[in-house]
Amino acid sequence: MKKIFLAVITLIVLSWACSTVPLTGRKQLNLLPESELQQMSLAEYKSFLAEQKVINNTEQSAMVKRVGQKIAASATAYLNQEGYGERVKGYQWEFNLVEDKTVNAWCMPGGKVVVYTGILPVTQTEAGLAVVMGHEISHAIAQHGNERMSQQLAVALGGIALDVALSNKPQETRNIFLASYGVGATLGVILPYSRKHESEADKMGLIFMAKAGYDPHEAVSFWKRMAAKGGQKPPQFLSTHPSDEKRIADLQKFLPEAMKHYHPK
């Protein structure tokens, strides 16, 4: 009887935690409340910015904020239209450019975005930056970090609840959080996204940038430039966003769908 009760409880928990990724329709299992992750994100974002050199009042920093706001607006409009508005519930978007030679960018839950100056020579143009920001924002909206952190808490800390983990093992939990959202470069640790996550972020990012008025064809050009930077020691961005011929081929296949949303502004 006890085993039956536990099985029923498990099924109920799993049904609560199961959700559908926008656009792709994939079922995902996220065990952590997004509201708690957003609270954690706000604290970690402030802490990160306080320790970095944030670039303000320059043409590049203005571009980061401009592109970010346009992508966020297009993503929000798309999600509301498709019935996924809850994905950005509670989001308070922030976009900051940080001086760092690392070729990287990331987005935490709640819309907390950082772009490193090191990636700008690769993005080259505003449309190139839209590729990166659309992709990273898509990872957050698709809640890929929640999936990765759920898995890591299960493996490293025995699957305990987030509030318990923060109380009992705050540093370990913080490290898992940062690594799950691509901020692990500051700790020398980072968790790679799966091919499935990458494909979803690619497709969602193309839609969001297209709706924001950026030509999605730029995504193919950007990833070709990123792939060209590979070698014995590829950029940090490539360690979490593997670039290969299949990825570029998949982007090209999805371009006709993305172009349906593209209206130059």
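Guide: Welcome! Two strands count as paired if DSSP finds at least two bridges between them. With that in mind, let us look at this predicted model.

Visitor: Which residue in E6 does Trp106 stand opposite?
Guide: Strand E5 covers residues 105–108, and strand E6 covers residues 112–116. These two strands pair in the antiparallel sense over four bridges. Within this pair Cys107 stands opposite Val113, while the partner of Trp106 in E6 is Val114.

Visitor: Which residue of E5 points the same way as Trp106, and are the residues of that strand buried or exposed?
Guide: In a regular strand the side chains alternate between the two faces of the sheet. Strand E5 shows Ala105 and Cys107 pointing one way. All four residues named for E5 are buried, and the one that shares the other direction with Trp106 is Met108.

Visitor: Which residue in the hairpin of E5 and E6 takes a positive phi?
Guide: The hairpin has three residues between its strands. Among the hairpin residues, a positive phi near 90° belongs to Gly110.

Visitor: Which strands are at the edges of the open sheet?
Guide: The sheet has four strands in the order E3-E4-E6-E5, with mixed pairing. An edge strand here pairs on one side only. That description fits strand E3 (54–55) and strand E5.

Visitor: At about what angle to E6 does helix H2 run?
Guide: Helix H2 is made of residues 34–50. This helix lies across E3, E4, E5 and E6. Relative to E6, helix H2 runs at about 30°.

Visitor: Are H10 and H12 roughly parallel or antiparallel to each other?
Guide: Helix H10 (residues 218–228) and helix H12 (residues 245–259) have axes 9 Å apart. Ala219, Val220, Trp223 and Lys224 of H10 touch Arg247, Ile248, Leu251, Gln252 and Leu255 of H12, a set with six nonpolar, one polar and two charged residues. The angle of packing is about 175°, and angles over 145 degrees count as roughly antiparallel. H10 and H12 are therefore roughly antiparallel.

Visitor: How are H5 and H10 oriented to each other, roughly parallel or perpendicular?
Guide: Helix H5 (residues 126–141) also packs with H10, with the axes 9 Å apart. Here Ala127, Gly128, Val131, Val132 and His135 of H5 meet Glu218, Ala219, Phe222, Trp223 and Arg225 of H10, and by class the contact has six nonpolar, two polar and two charged residues. The angle is about 85°, while the range for roughly perpendicular is 65 to 115 degrees. H5 and H10 are therefore roughly perpendicular.

Visitor: Why does Leu153 count as buried, and what is its relative accessible area?
Guide: Leu153 sits in helix H6, residues 144–156. The C-alpha atoms of Leu153 and Phe177, which are 24 residues apart along the chain, are separated by 9.4 Å. Buried means under 20% relative accessible area, and Leu153 meets this with a value of 2%.

Visitor: What share of the residues in the chain is buried?
Guide: The chain comes to twelve helices and six strands. Its accessible surface is about 12600 Å², with 56% belonging to carbon and sulfur atoms. Of the 265 residues in the chain, the buried share is 49%.

Conventions: Residues numbered from 1 in each chain as written. Predicted model: local features only at pLDDT ≥ 70, side-chain atom pairs only at ≥ 80, totals over all residues. Heavy atoms only, no water. Axes fitted to C-alpha atoms, helices over the stretch in contact; angles between N-to-C directions. Parallel < 35°, antiparallel > 145°, perpendicular 65-115°, else oblique. Contact = heavy atoms within 4.5 Å. Nonpolar A, V, L, I, M, F, W, Y, C, P; charged D, E, K, R; others polar. Buried < 20%, exposed > 50% of the residue type's maximum accessible area, 1.4 Å probe, protein only. Areas by Shrake-Rupley, 256 points an atom, 1.4 Å probe, with all protein chains shown as cover.
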